[in-house]
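Visitor: Could you walk me through the strand pairing here, and then through the confidence behind it?

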Amino acid sequence: MSSVSRCNSYSIPRSVQFLFGCLATTSFFSCATPLKQHYQIQPLQSDDAVTIEIKGVDEEVELQKYVYRSHEWTDVDGRSVKSERESSSFDVQTTTLLNDESSKLLHQVVETVKQSGDVNLHDLGFPQKKERISFIYSSQSEVLKAGGYDKRSLFFVPPVPLPKKAVKVGDSWDMTHSWVSQQSGFPLTIKVTALLKDLLQCGEQRCASVELSGHVEVPFLDPKKVRYSSRILGRYLFNLDRGKMLWSKIVSEDSLQAAEKTVNVQSCIVSTL
């Protein structure tokens, strides 16, 4: 995808989907896709505050490549009774129709043009193969429109947490967003903290390296009956001058225990422009 990378896998508590929809260290995943460098990346020594916001060029067409892996397993009384792995790679094409600099709104049409694997891309916040969705974003990646989808859907979760003001290395900012699970109909809330880790020189342009940490909450769960835990870790590389995501990696793990049954899920997704 162009200026916005829809790495929404951080926003999906998969164990909740498996348990209710049908009734992060994750180094074992082959998800370590490196950034394909067409230029040298070097540290940039600067104490200046920088603005991190998405940008676009009218009629610009770009392709973002994704790799997704997940492992879900179920234990009953401490004994593993089910283990499944999912994987998919897919290419997402984004066409910028309008970049309104005065209002700082970005209108883009997003289409998954290629996919291998049978993962339901709606569960990750992406269009299905050959589906086209028209998005309108603010410069801070807030989703103002997502085709004809309801504002309570996963498509309205901001694809990347961006700060609302200029930040310096070491500064952090928070993002909280709620949506309703398409599978279960239950409300879910994601809470993410982003940290500007480094400023980098990417060829002739400036980049920001941002680290992410957070979790998903399921407000309706009764903690006396069900125990749920979630952890999200990630990092993205953002071109400050072009206003584009160059690379991102998000890993998540969550666990849901009810009586003697425990559902565990670990997943990761990597994007490269």
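Visitor: How many bridges join strand β1 to strand β8?

Guide: This is a predicted model, in which local features need pLDDT of at least 70, side-chain atom pairs count only at pLDDT 80 or more, and totals for chains, interfaces and linings use all residues. Residues are numbered from 1 along each chain as its sequence is written, and side-chain values use heavy atoms, with hydrogens and water left out. Strands are DSSP runs of E with at least two residues, numbered from the N terminus, and two of them pair if DSSP finds at least two bridges between them. Strand β1 (residues 41-43) runs antiparallel to strand β8 (residues 187-202), with Gln42 opposite Gln201, and the bridges joining β1 to β8 number three.

Visitor: Which residue takes a positive phi in the hairpin of β7 and β8?

Guide: Strand β7 (residues 172-180) pairs with β8 in the antiparallel sense over nine bridges, and His177 stands opposite Ile190 in β8. Six residues lie between the two strands of this hairpin, and the one with a positive phi, near 80 degrees, is Gly185.

Visitor: Over how many bridges do β8 and strand β9 pair?

Guide: The hairpin of β8 and β9 has two residues between the strands, and Gly203 in the turn has a positive phi of about 65 degrees. Cys202 has Gln205 in β9 as its bridge partner, and the antiparallel pairing of β8 with β9 (residues 205-217) extends over 13 bridges.

Visitor: Over which residues does pLDDT stay under 50?

Guide: For pLDDT, the predictor's confidence in each residue from 0 to 100, the chain averages 86, and 86% of the residues score at least 70. The stretch where pLDDT stays under 50 has 84 contacts (heavy atoms within 4.5 Å) beyond four places in sequence in the model, and that stretch is residues 9-29.

How values were computed:
Helix = DSSP H or I, 4+ residues; strand = E, 2+ residues; numbered from the N terminus.
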